[in-house]
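Open the model in your viewer and keep the selection panel at hand. The stops below go from the ligand outward to the strands and end with the whole chain.

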Amino acid sequence: MKLNTKKFIRGKINEIKREVGSDVAICATSGGVDSMVCTFLAHRALGKNLIALFIDDGLMRENEPQMVSKILKKKGIKTVIIRAAKDFFKALKGKEDPEEMRKAFRDIFYKTLGKTVRKYRTNYLIQGTIAADVVETKGKIKSQHNVLSQIGISPKKYGLSIIEPLVKLYKPDVRKVGKALGLPKIIYQRMPFPGPGLATRVVGEVTPGRVKILRKATSIIEKETKKLKPFQAFAVLLNDRATGVKKGKRAFGNIIVIRSVESKNAMTAQPTKIPYTILEKIQKKIVREIPEVTKVLYDVTPKPPSTIEYI
Ligand code: XMP
């Protein structure tokens, strides 16, 4: 059914106002489309009583904390940045199983939110969970970081009362709401970026060193595929190595996968037909600029049978 954007926004503003009253609420803002739309919506409802909480978990893309806080501040949204990379890497240490990693991320994520919410003497957490997140988590495909009550985990465990204004929407409608709320185009049109960030693209242990390699490769791939406007394009770091030759010497280095897909709502996806010249350019840049990488691959698998992310 076609979404009546104006009516939706009006309805959600009223709902949030009614629920939070004159209290303060915290919005978990990662900079992704969903959380940014949610933050702008909640700001319309609560004004100064809304705090956007940006957790710098060490798993973000290049310059993300600076870019996101600049946009929020420009809009006059109270923004708090928590530097929590150490806690997140500690929680993920030694974990290689994808679902174990996802659950560890979810736990430290809500613990961090719970702590902050208590600091501001409230228990209201507003978050941008959307329909696809719930479907995949309930379908046991993967545990999305922002789904709790729908799978029987009480938010009370973390001292939270959760509000999810976008939970019935899929991505195209979320973008429409973002546009109607006056978000900058670069935000409501940007590629989806998962809450657990680069951790969903590291196969094997998530360490600061491995994330650094991935972050650099991600930035190269995003830049070089920008004009193709893919639904999502990013780098993946495999938990394997390959022999190469660097500066005339043998090197047993890391393997980066280029993943780029076309999709409407992320429930199914097709690989992007990236022109070979662009693939070559990406490959050259990655092996030149990231000394630890000796091999670059291109993933041509649709969803299903694959998923978009790697864990
Ligand atoms: P998959 O990998 O399941 O991804 O095909 C479908 C879409 O969801 C995003 N994704 C997530 N988003 N929290 C999020 O907020 C998560 O834990 C998460 N896992 C995957 C993914 O980027 C894609 O757009």
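Start by selecting the ligand together with the residues around it. There are 16 such residues, and those that come nearest are Glu136, Lys142, Gln144, Lys303 and Glu309. This is a predicted model, so treat each distance below as a computed value.

Next, show the polar contacts made by oxygen atoms of the ligand. Pick the side chain of lysine 142: one of its N or O atoms is 2.7 Å from an oxygen atom of the ligand. Then switch to backbone atoms. At glycine 195, a backbone N or O atom lies 3.2 Å from a ligand oxygen, and at isoleucine 308 a backbone N or O atom lies 2.7 Å from a ligand oxygen. Now put a surface on the ligand: taken alone it exposes 490 Å², of which the protein buries 93%.

Glu136 leads to the next stop, since this residue is among those that come nearest to the ligand and is also one of the buried residues of α6. Select residues 131-138, which form helix α6. How many of its eight residues are buried? Six are, so the helix is largely enclosed by the rest of the structure. Colour Ala131, Ala132, Asp133, Val134, Glu136 and Thr137 to see the buried set. After the helix comes lysine 140, which has a positive phi, near 60°.

Move now to strand β2, residues 50-56. Seven of its seven residues are buried, so β2 is largely enclosed by the rest of the structure. Colour the two faces separately: Leu50, Ala52, Phe54 and Asp56 lie on one side, Ile51, Leu53 and Ile55 on the other, and all of them are buried.

Add strand β1, residues 25-28, which runs parallel to β2 and is joined to it by four bridges. To check the register, label cysteine 27, whose bridge partner in β2 is alanine 52, and alanine 28, whose partner there is leucine 53. Both faces of β1 are covered too, with Ala25 and Cys27 buried on one side and Ile26 and Ala28 buried on the other.

Which strand besides β2 is joined to β1? Select residues 124-126: this is β4, which runs parallel to β1 and is joined to it by three bridges. Cysteine 27 stands opposite isoleucine 126 in β4, while the bridge partner of cysteine 27 in β2 is alanine 52.

Go back to β2 and show β3, residues 78-83; these two strands pair in the parallel sense over six bridges. Label phenylalanine 54 and isoleucine 81, which are bridge partners across that pairing.

With the strands displayed, add the helices that link them. Helix α2, residues 33-46, makes a right-handed β-α-β unit with β1 and β2. From β2 the chain crosses through helix α3, residues 64-74, to β3, and this crossover is right-handed as well.

Finally, zoom out and show the whole protein chain as a cartoon. The chain has ten helices and nine strands. Its C-alpha trace spans about 65 × 40 × 40 Å along the principal axes. The radius of gyration is 20 Å; a compact globule of 311 residues would have one near 19 Å, so the chain agrees with that expectation. Colour by burial as a last step: 55% of the 311 residues count as buried.

Methods: Residues numbered from 1 in each chain as written. Predicted model: local features only at pLDDT ≥ 70, side-chain atom pairs only at ≥ 80, totals over all residues. Heavy atoms only, no water. Buried < 20%, exposed > 50% of the residue type's maximum accessible area, 1.4 Å probe, protein only. Pairing = 2+ DSSP bridges. Right-handed = clockwise from strand over helix to strand, strands pointing away. Near = heavy atom within 4 Å. Polar contact = N/O pair within 3.5 Å; in protein donor to acceptor, adjacent residues only side chain to side chain. Areas by Shrake-Rupley, 256 points an atom, 1.4 Å probe, with all protein chains shown as cover. Rg over C-alpha atoms; globule rule 2.2 N^0.38 Å.
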